[in-house]
Amino acid sequence: MRIVILCSSVYSETASAMTVRLAELGHVPVGALSLSTLSSRTMLRKIGQWGVREVALYARAKLIPSGNGPGRVRNPYLQPLLKHEDGTFRSMREVSAFYGFPLAVCKDQNAPDSISQLRTWSPDLIVFTGGNILRQPLLEVPRLGVLNAHLGLLPEVRGMASPEWSLLNHVPVGITIHYIDAGIDAGPILQRYEFPDVAACESLSDLRNRLIAFGVEKIGEVVSALDRGTISATPQSDLREDRQFFVMHEWLQARAVERLTRTRSAAVTVNG
């Protein structure tokens, strides 16, 4: 199966870990298309998500090799996949060089030159790990479709801040592997997985990091099943009802933290 990776930055840990996992399973990509890391849109998005200090630390870890041992990984649950010899894969450039596939950088994944590059690779499947909102011309390039790991169970939790909204709405925390279509998290579903370790999570960021690593593992399983022809997608139901969620207000986020804390406390009581 011919696979292409789409990523938001050449320094994306998620894209790097996803690529390594797929390669371990025998699915080395035929190419990867990344947004430019230096684009103002990418930088502003990361600063908004992480803060200036964390972005600066992350950039330093990626751009300046560590002296000894593995380098700094922002998501510790991706560390096992990013370990490489005596160090750590720090970028998609290093991953692509190691596995021998081309990496192209663009300003817009939907631009005509990006679409042309993707068609040159002639993918059966595109795996999305971040970037632009994808438009129909790109979605039509791969034979099977564009695969995404959504950090929530679909169709119950669509849109932004999925783990937090799952906690607030008493929906099991989990991920959905689905095809991307022109809607918002509305494409056909290949597999849903409830996350078993919510009670072990110390914070919302810890929960999100664990879910990302969980998604990397499960998307590998789904890609292998697609390659064997043992899995098929099911259209989503209940799309007429608007279940899309948006960025959560700080007050509601605090309530989500309380729900997570209660889950941890209940687990300690049961196990104690």
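Which residues of helix α5 (residues 92-99) are buried? In this predicted model they are M92, V95 and S96, where buried means under 20% relative accessible area, exposed over 50% and partly exposed in between, with a 1.4 Å probe and protein chains only. Helices (H or I, at least four residues) and strands (E, at least two) are DSSP runs, numbered from the N terminus. The three buried residues cover an arc of only 95 degrees around the axis, which puts them on the same side of α5; the arc is that of the directions from the helix axis to the C-beta atoms. As general background, an α-helix has 3.6 residues a turn, so residues three or four places apart point the same way.

A word on conventions: because the model is predicted, local features need pLDDT of at least 70 and side-chain atom pairs count only at pLDDT 80 or more, while totals for chains, interfaces and linings use all residues. Residues are numbered from 1 along each chain as its sequence is written, and side-chain values use heavy atoms, with hydrogens and water left out.

The buried residues of α5 pack against β1 (3-7), α1 (13-24), β2 (31-35) and β5 (103-106), a contact being heavy atoms within 4.5 Å. At the N-terminal end of α5, S91 acts as a cap, with a side-chain oxygen 3.3 Å from the backbone nitrogen of R93. Just after the helix, G100 takes a positive phi of about 75 degrees.

Strand β2 contains S34, which is buried with a relative accessible area of 0%. Leaving aside residues up to four places away in sequence, S34 touches C7, S8, S9, V10, L103, A104, V105 and C106. Two of these neighbours, C7 and C106, are cysteines whose sulfurs lie 8.8 Å apart, too far for a bond. Both count as buried, C7 at 0% relative accessibility and C106 at 7%. The structure holds 0 disulfides, a disulfide being a pair of cysteine sulfur atoms within 2.5 Å.

Strand β7 (residues 145-150) is mostly covered, with 5 of its 6 residues buried. Two strands pair if DSSP finds at least two bridges between them. Strand β6 (residues 125-128) pairs with β7 in the parallel sense over 3 bridges, and I126 has V146 of β7 as its bridge partner. With strand β9 (residues 174-179), β7 pairs in the antiparallel sense over 4 bridges; here N148 is matched with H178 of β9.

The largest nonpolar core has 50 residues, and those with the most contacts inside it are L125, V127, L147 and F195. Such a core is a set of buried Ala, Val, Leu, Ile, Met, Phe, Trp, Tyr and Cys residues joined through side-chain atoms within 4.5 Å. Helix α9 (residues 204-228) gives the most to this core, with 10 residues. Not counting residues up to four places away in sequence, V127 touches I3, V4, I5, L6, M18, L22, L147, I219 and V223. Apart from this core lies another, of 17 residues, among them L33, I115, L118 and V141.

Finally, Q253 sits in helix α10 (residues 250-271) and counts as partly exposed at 32% relative accessibility. Although Q253 and E164 are 89 residues apart in sequence, their C-alpha atoms are 6.8 Å apart in space. Beyond residues up to four places away in sequence, Q253 touches E164, L204 and M248.

How values were computed: A polar contact is a pair of N or O atoms within 3.5 Å; within protein, one must be able to donate a hydrogen and the other to accept it, and residues adjacent in sequence count only if both atoms are side-chain atoms.
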